[in-house]
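Grab your viewer and let's work through a few short exercises. Each one has a task, followed by a solution in steps.

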Amino acid sequence: MKCKTILFIVTLFFMSHARSQEFSIIPKPVEISVQKGSFTLTRESSLQFDTSNSEISRIAEFFNEYLNTVYGFNLRENAEGKPIHFKIMSQLNLGDEGYLLKVGPKSIVITASKPNGLFYG
């Protein structure tokens with residue numbers, strides 16, 4: 001009986017630990033939905049954005065400069081490759097700094113209502 005109790009407690013510990021997985025994202029998201037899969041950022045990835053929008057272009061340029069500083073490479077803009085999309089959709093009503101971040105095995109999509117949200121995404 002004592003062995004079963006210990007086994008039960010250990011099982012509960014590991015199950016609760018797996019469910020309480022923390023993510024190092026600042027600012028902390030209001031909601032996270034974890035799915036299977038991952039996206040690997042490589043030199044073959046690309047940035048996809050509306051070049052006619054100067055605010056989106058500035059944010060994409062900042063992101064590319066950051067990648068160059070940290071990883072030593074830039075991503076091609078609006079080219080072939082696994083894309084990272086930057087989108088502003090004002091009708092989403094996410095507030096000034098809100099954003100949606102969707103990561104899949106073939107792409108990343110960052111969508112915001114305002115440029116500040118896109119920057120934080």
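**Exercise 1.** Which residue lies over the face of Phe-39, and at what distance from the ring centre?

Solution. Keep in mind that this is a predicted model. Look above the ring of Phe-39: Lys-82 sits over its face, 4.7 Å from the ring centre. That passes the cut-off, since NZ of a Lys has to be within 6 Å of the ring centre.

**Exercise 2.** Classify the ring pair Phe-62 and Phe-119, then find the other member of their cluster.

Solution. Start with the count: there are four aromatic pairs. For Phe-62 and Phe-119, the centres are 5.3 Å apart and the planes meet at 50°, so call the pair tilted. Next, place the rings: Phe-62 is in helix 2 and Phe-119 in helix 3 (residues 115-120), so the pair links parts 57 residues apart in sequence. Then move on to Tyr-120, which pairs edge-to-face with Phe-119 at 5.6 Å between centres and 70° between planes. Put together, Phe-62, Phe-119 and Tyr-120 make up one aromatic cluster. As for accessibility, Phe-62 is partly exposed at 45%, Phe-119 at 41% and Tyr-120 at 36%.

**Exercise 3.** Find where Asn-78 and Asn-93 sit, and check the sign of phi for each.

Solution. Most non-glycine residues have a negative phi. Asn-78 has a positive one, about 50°, and Asn-93 does too, near 55°. Asn-78 belongs to the loop between strand 2 (76-77) and strand 3 (83-88), and is partly exposed at 35%. Asn-93 belongs to the loop between strand 3 and strand 4 (99-103), and is exposed at 68%.

Notes
Residues numbered from 1 in each chain as written. Predicted model: local features only at pLDDT ≥ 70, side-chain atom pairs only at ≥ 80, totals over all residues. Heavy atoms only, no water. Helix = DSSP H or I, 4+ residues; strand = E, 2+ residues; numbered from the N terminus. Buried < 20%, exposed > 50% of the residue type's maximum accessible area, 1.4 Å probe, protein only. Phe/Tyr/Trp six-rings, centres within 6.5 Å; stacked < 30°, edge-to-face > 60°. Lys NZ or Arg CZ within 6 Å of the ring centre and 35° of its normal.
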